[in-house]
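Visitor: I would like a close look at one part of this model, the place where its helices pack together. Please take me through it residue by residue and then set it in the rest of the chain.

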Amino acid sequence: MPRSYPPEFRRKVLDLVASGRKVAEVARLLGISDQTIYLWRRQHLIDTGQLPGTTSSDQSELAAARKRIAELEAELAIHRRAAELLGEVTPPKGGSKPSA
């Protein structure tokens, strides 16, 4: 699982790069990879509308929707299996008598 950094840390890293420091220098100084900084910078450009792509807020909404869909599909599978099992139950001999 990728390591997660707080948003404040990401913001400070991007500020350092924006101030003119080289990505490799900032990465080495803070012990993170160059690629991580490039990804953060690209996502920042997308979030601010400077590049096309899926914004961070849209990504989090999509992740929540996918999670909810998975939960609903699991629930539906349980209901379908229960319906199958209940459908296989045979009624008692003679059936039930109607009540008067």
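Guide: What follows goes from the chain as a whole to the helix packing, and then to the salt bridges and a few single residues.

The model is predicted. Its secondary structure comes to four helices and zero strands, and from the N terminus on the elements run α-α-α-α. Of the 100 residues of the chain, 12% count as buried. Among contacts between residues at least 6 apart in sequence, 24% join residues at least 24 apart.

The part you ask about can be entered through helix α1, residues 7-18, and helix α3, residues 34-47, whose axes come within 10 Å of each other. In general, two packed helices are described by the angle between their axes and the distance between the axes. For α1 and α3 the crossing angle is roughly 90°. Angles of 65 to 115 degrees count as roughly perpendicular, and α1 and α3 are therefore roughly perpendicular to each other.

Which residues make this contact? On the α1 side they are Phe9, Arg10, Arg11, Val13, Leu14 and Val17. On the α3 side they are Ile37, Trp40, Arg41 and His44. By class, the residues of this contact divide into six nonpolar, one polar and three charged. His44 is the polar one, since His is not among the residue types that count as nonpolar or charged. The charged ones are Arg10, Arg11 and Arg41, because Arg counts as charged.

Helix α2, residues 23-30, belongs to the same picture, as its buried residues pack against α1 and α3. The buried residues of α2 are Val23, Val26 and Ala27. They cover an arc of only 100° around the axis, which puts them on the same side of α2. On the other side of α2, Arg28 and Leu29 are exposed. Helix α2 thus has a side with buried Val23, Val26 and Ala27 and another side with exposed Arg28 and Leu29. After α2 comes Gly31, with a positive phi near 75°.

Now the salt bridges. The structure holds four of them, and three are described here.

One involves Arg11, which has already appeared as a residue of α1 in the contact with α3. Arg11 forms a salt bridge with Asp15, and the closest N and O atoms are 3.0 Å apart. The cut-off for a salt bridge is 4 Å between such atoms. Arg11 and Asp15 are four residues apart in helix α1, so about one helical turn separates them. Arg11 has a relative accessible area of 35% and is therefore partly exposed. Asp15, at 38% relative accessibility, also counts as partly exposed. Partly exposed covers the range between buried, under 20%, and exposed, over 50%.

Another salt bridge joins the side chains of Glu25 and Arg21, at 2.9 Å from N to O. Glu25 counts as partly exposed, with 29% relative accessibility. Arg21 is partly exposed too, with a relative accessible area of 32%.

A further salt bridge is found in helix α4, residues 56-87, where Arg68 and Glu71 both lie. Their side chains meet at 3.4 Å, N to O. Arg68 and Glu71 are three residues apart, about one turn of the helix. Arg68 counts as partly exposed at 44% relative accessibility, and Glu71 counts as partly exposed at 39%.

Two single residues complete the view. Leu45 has its place in helix α3 and is partly exposed, with a relative accessible area of 25%. Leaving aside neighbours within four places in sequence, Leu45 is in contact with Gln50 and Leu51. The C-alpha atoms of Leu45 and Thr55 are separated by 9.3 Å, the two residues being ten apart along the chain.

Gln59 lies in helix α4 and is partly exposed, with a relative accessible area of 38%. Apart from neighbours within four places in sequence, Gln59 is in contact with Gln43 and Thr54.

To return to your request: α1 and α3 cross at roughly 90°, and the buried residues of α2 pack against both α1 and α3.

Notes. Residues numbered from 1 in each chain as written. Predicted model: local features only at pLDDT ≥ 70, side-chain atom pairs only at ≥ 80, totals over all residues. Heavy atoms only, no water. Axes fitted to C-alpha atoms, helices over the stretch in contact; angles between N-to-C directions. Helix = DSSP H or I, 4+ residues; strand = E, 2+ residues; numbered from the N terminus. Parallel < 35°, antiparallel > 145°, perpendicular 65-115°, else oblique. Contact = heavy atoms within 4.5 Å. Buried < 20%, exposed > 50% of the residue type's maximum accessible area, 1.4 Å probe, protein only. Arc of directions from axis to C-beta.
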